[in-house]
Amino acid sequence: MRTFLRKVSFANRIFTLLLTLSFSMSSFLFWNISTHAEDEIPTYSGSASVVVNKNIPGFTAAEIVTKSYEHYGELDKQGRCTPAMACLGEDLMPTEERQSIGMVKPTGWKQKKYPGIVDSDPPYLYNRCHMIGFQLTGENANEKNLITGTRYMNVEGMLPYENKVADYVRSTGNHVMYRVTPVFEGKNLLCNGVQIEAYSVEDKGKGISFNVYCYNVQPGVIINYSNGSNKADPDYKKSISTDKFVFTGDNSETSADRSVPAGTTYVVNKSSKKFHKPTCDSVKDMKEKNKVYYEGTRDDLIQQGYEPCKRCCP
Ligand SMILES: [Zn+2]
């Protein structure tokens, strides 16, 4: 366990102990906060996350500290994760490679593959989602920090916020108060989503301050939240028919200088819904993650709702 590898001073230990105690006392309050957040969460409508409580994080003055720590709540009676909270600092960030977490089976773990629907390889619906991301505290197989979350929630919902916080901590050396609350309805084993609150300490929220909710959904899959079971949504219109695409670009924000794969008839922009001749200048400007190298006809693309580019007129 990484926790033991980290050099923790005696003072730090006492501090953590005190914090654990105060955390237990205030956990009742936390749940009330999360319940309030739940009341105002709109149903999922195409965006992986939404702002809650006007984007104001709910940390009390007493909770905001300048010394790094991490706290993971005990599993509840159903074996479900409870809120995890940390004062993130550079000293908590991992210095070692990520280790296997495959032995942890969080509640609602009913794994299935959805080729052509889930955008990963292999196309597993569920990830073991770190509530407090590995890049922030380096926790590996900590069952109090791993929930069953869709690939979509993990990558489209939570990751952008984690990256933002990690970049901030790394570039400033400042601390960020960070709390992740899984929101379960009743006795459901799969959470509907997670609330993430963050607040940068030294600059009083100037660098980082948000309160968001990420949906535990996967477009194209119908999920039963009572136990995590799932099935393909027959009404889901896949954005691009999978029998025809060559491959999608990688996850990068920039345009990779990659040669177009053989057989590609058009390069499709997943985001703008436009398609181009592979030689079009717009392809060079396109973010790699938005690219789909498509092998098929113009008519097929138009039928799927894509528009020809006005520059290259494919
Ligand atoms: Zn074009």
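**Figure 1. Strand 3 in this predicted model is largely enclosed by the rest of the structure.** Five of the five residues of strand 3 are buried, and the strand is therefore largely surrounded. The side chains of Ala84, Ala86 and Leu88 point one way, those of Met85 and Cys87 point the other way, and all of these residues are buried. In a regular strand, side chains alternate between the two faces of the sheet. The model as a whole is predicted, and strand 3 covers residues 84-88.

**Figure 2. Strand 3 pairs with strand 2 and with strand 6.** Strand 2, residues 69-72, runs antiparallel to strand 3 and is joined to it by four bridges. Within this pairing, His71 has Met85 of strand 3 as its bridge partner. Strand 6, residues 176-183, is also antiparallel to strand 3, and five bridges join the two. Ala84 has Val180 of strand 6 as its bridge partner, while Met85 stands opposite Arg179 in strand 6.

**Figure 3. Strand 6 is mostly covered and pairs with strand 7.** Eight of the eight residues of strand 6 are buried. One side of the strand carries Val176, Tyr178, Val180 and Pro182, the other carries Met177, Arg179, Thr181 and Val183, and both faces are covered. Strand 6 and strand 7 are antiparallel and share eight bridges. In this pairing, the bridge partner of Met177 is Tyr199 in strand 7.

**Figure 4. Six strands form an open sheet.** The order of the strands is 1-8-7-6-3-2, and their pairing is antiparallel. Strand 1, residues 49-51, and strand 2 are at the edges with a single partner strand each, so one side of each has no neighbour in the sheet. From one strand to the next, the twist averages 15°. In the chain as a whole there are six helices and 15 strands.

**Figure 5. The largest nonpolar core has 45 residues.** The residues with the most contacts inside this core are Leu88, Val165, Val176, Tyr178 and Cys214. Strand 2, strand 3, strand 5 (146-150), helix 4 (151-172), strand 6, strand 7 (193-200) and strand 8 each supply at least two of its residues. Helix 4 gives the largest share, six residues. A second, separate core has 12 residues, including Tyr266, Val283, Tyr306 and Cys309. In soluble globular proteins, nonpolar side chains tend to be buried together.

**Figure 6. Cys214 has contacts with residues from several parts of the sequence.** Leaving aside neighbours within four places in sequence, Cys214 is in contact with Ala48, Ser49, Met153, Gly157, Met158, Gly193, Val194 and Ile196. Cys214 is also among the residues with the most contacts inside the largest nonpolar core. Across the chain, 70% of contacts between residues at least 6 apart in sequence join residues at least 24 apart. Of the 314 residues of the chain, 36% count as buried.

**Figure 7. Ile117 and Gly220 are two loop residues.** Ile117 is in the loop between strand 3 and strand 4 (126-130). Ile117 counts as buried because 20 C-beta neighbours are inside 10 Å. From C-alpha to C-alpha, Ile117 and Val221 are 8.0 Å apart in space, and they are 104 residues apart in sequence. Gly220 is in the loop between strand 8 (209-215) and strand 9 (221-223). Gly220 is partly exposed because 18 other C-beta atoms are within 10 Å, and 20 or more would be needed for a buried residue. Gly220 and Lys231 are 11 residues apart in sequence, with 8.8 Å in space from C-alpha to C-alpha.

**Figure 8. Two stretches have pLDDT under 50.** One of them is residues 1-8, for which the model has six contacts beyond four places in sequence. Another is residues 26-36, with seven contacts beyond four places in sequence. Where pLDDT is low, the predicted coordinates should not be read in detail. The average pLDDT of the chain is 85, and 82% of the residues score at least 70.

Conventions. Residues are numbered from 1 along each chain as its sequence is written. This is a predicted model: local features need pLDDT of at least 70, side-chain atom pairs count only at pLDDT 80 or more; totals for chains, interfaces and linings use all residues. Two strands pair if DSSP finds at least two bridges between them. A nonpolar core is a set of buried Ala, Val, Leu, Ile, Met, Phe, Trp, Tyr and Cys residues joined through C-beta atoms within 7 Å. pLDDT is the predictor's confidence in each residue, from 0 to 100. Axes are lines fitted to C-alpha atoms, for helices over the stretch in contact, and angles run from 0 to 180 degrees between N-to-C directions.
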